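Hi,

Here is the structure I said I would pass on. Have a look at it first, and then read my notes below.

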Amino acid sequence: MEFIPWFLPGAYLTPYLCTNCGFWQKHFTVPPTCPVCTDFRHTPPDDGFRFLTPEAVAAEVSTVWTGEDTDIVTFSTEPCVGIGPNGYLIRRPDGNVFFDGTAHYGLEALDLIASLGGIRWLTASHPHAYGALWQLQERFAPTVVIQVKDLPWTNAFQTAWPLDESLTLAPGLTLIHTAGHFAGHSVLHWADKRTLFAGDMLKFHGTAGLSTHKGFNRKIPMSHAEIRRYKEVVQGLEFDTVYTTFETAPCTQADVLRLFDRQLAGPPFFGPVPMED
Ligand SMILES: [Zn+2]
Ligand SMILES: [Zn+2]
């Protein structure tokens, strides 16, 4: 059945992109404020908000991608918009999954995704990584899964499957609620590929190592109870490669547990821990 996007509630509203953070919201006029920028984790722009319509974004931004010939195609924008999250198309014979999202998908990018089989499941770790999720929903009509505690951030799109604690999207591919960075923060584990899509649970800092944070811009660390929950999740997962919302790097369960144990050994702290002792 062909998907008819104007059946969605709010389909007559205009999507607006906040250029400071990259968050989209639908409104009947230019939004008065951006909920992500005014959230405690972030900072509003010094010189006022700037909101762009989809047409204005398309005129200023191109979508680029890597890994077209592999199982994971990574999408981003040039120039970077807002905080610049990546989107990951996970290619599977039983239906593709799209996790996290970049701020804009040009027609070539959408046509590429269509040529690779479209999208069966569409989900994201947390609101910083929604990107233009609404564009993928309108084009491909996937099942949109969002953790129930993050539903207040989903003004720009429609959730079909509110996630509780975990959901197996396909054999060996599991979405798991971690909480922490956001109340609904979730990660995606691809067991066969020993790959963890970690969202903003983790951040790579090159040779300086690996960190975790409650609020990156404001340098707010995670609480001990939140770290204990992260640890509980990671202890059940095996992986060699981690895709965060922004970076990809070789990284194992032992590397991540070392970070969490350092966090739990003293006062909460913001900043990286070396991945090798
Ligand atoms: Zn914003
Ligand atoms: Zn984040």
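Which residues line the second largest cavity? Before I get to that, keep in mind that this is a predicted model. The lining consists of Phe23, Trp24, Tyr130, Gly131, Trp153, Ala156 and Phe157. By class that gives 6 nonpolar residues, 1 polar and no charged, around a volume of about 30 Å³.

The whole structure has 2 cavities of 30 Å³ or more. The largest cavity holds about 50 Å³ of space. Its lining is made up of Cys21, Gly22, Phe23, Val36, Ile83, Pro85, Pro127, His128 and Gly131, and here the split is 6 nonpolar, 3 polar and no charged residues. Phe23 is in this lining and also in that of the second largest cavity; Gly131 likewise lines the largest cavity and the second largest.

Now the metals, starting with the zinc ion (ligand 1). Cys18, Cys21, Cys34 and Cys37 coordinate this ion through their SG atoms, at 2.3 to 2.4 Å. The angles among the 4 donor atoms run from 102 to 117°, and the site is tetrahedral. For comparison, the ideal angle for four tetrahedral donors is 109.5 degrees. Along the sequence, the donor residues of the zinc ion (ligand 1) show the spacing C-x2-C-x12-C-x2-C. Cys21 sits in the loop between β1 and β2, and Cys34 in the loop between β2 and β3, so this pair ties together parts 13 residues apart in sequence. Both Cys21 and Cys34 are buried. Cys21 is also one of the residues lining the largest cavity.

Those loops belong with a small piece of sheet architecture. An open sheet of 3 strands is ordered β2-β1-β3, and the pairing is antiparallel. At its edges are β2 (24-27) and β3 (51-52), each of which pairs on one side only. Strand β1 (residues 14-18) runs antiparallel to β2 and is joined to it by 4 bridges. If you want a place to start looking, take Pro15, whose bridge partner in β2 is Lys26. Cys18, one of the donors of the zinc ion (ligand 1), falls within the residues of β1.

The zinc ion (ligand 2) has another set of donors: His126 (NE2), His128 (ND1), His181 (NE2) and Asp200 (OD), lying 2.0 to 2.1 Å from the ion. What is the geometry of this site, with its 4 donor atoms? With angles of 100 to 140°, the site is irregular. The tetrahedral class needs all angles between 85 and 135 degrees. The spacing of these donors along the chain is H-x1-H-x52-H-x18-D. His128 and Asp200 link distant parts of the chain, 72 residues apart: His128 is in the loop between β8 (121-123) and α3 (133-140), while Asp200 is in the loop between β14 (195-199) and β15 (203-204). Both of these residues are buried.

Last, the largest pocket, with a volume of about 150 Å³. Its lining includes His128, His181 and Asp200, which are also among the donors of the zinc ion (ligand 2). The rest of the lining is Arg41, His42, Ile83, Lys203, His213, Gly215, Phe216, Asn217 and Phe246. Taken as a whole, the lining divides into 3 nonpolar, 6 polar and 3 charged residues. His128 and Ile83 line this pocket and the largest cavity too.

Cheers

Methods
Residues numbered from 1 in each chain as written. Chains lettered and ligands numbered in written order. Predicted model: local features only at pLDDT ≥ 70, side-chain atom pairs only at ≥ 80, totals over all residues. Heavy atoms only, no water. Pairing = 2+ DSSP bridges. Helix = DSSP H or I, 4+ residues; strand = E, 2+ residues; numbered from the N terminus. 1 Å grid on protein atoms, 1.4 Å probe; cavity = no way out; pocket = protein on both sides within 12 Å on 5 of 7 lines; lining within 4 Å. Points joined across faces, edges and corners; volume = space filled by probe spheres on them. Nonpolar A, V, L, I, M, F, W, Y, C, P; charged D, E, K, R; others polar. Donors = N, O, S within 2.8 Å, 3.2 Å for Na, K, Ca; no water. Tetrahedral: all angles 85-135°; square planar, octahedral: opposite > 155°, others 65-115°. Buried < 20%, exposed > 50% of the residue type's maximum accessible area, 1.4 Å probe, protein only.
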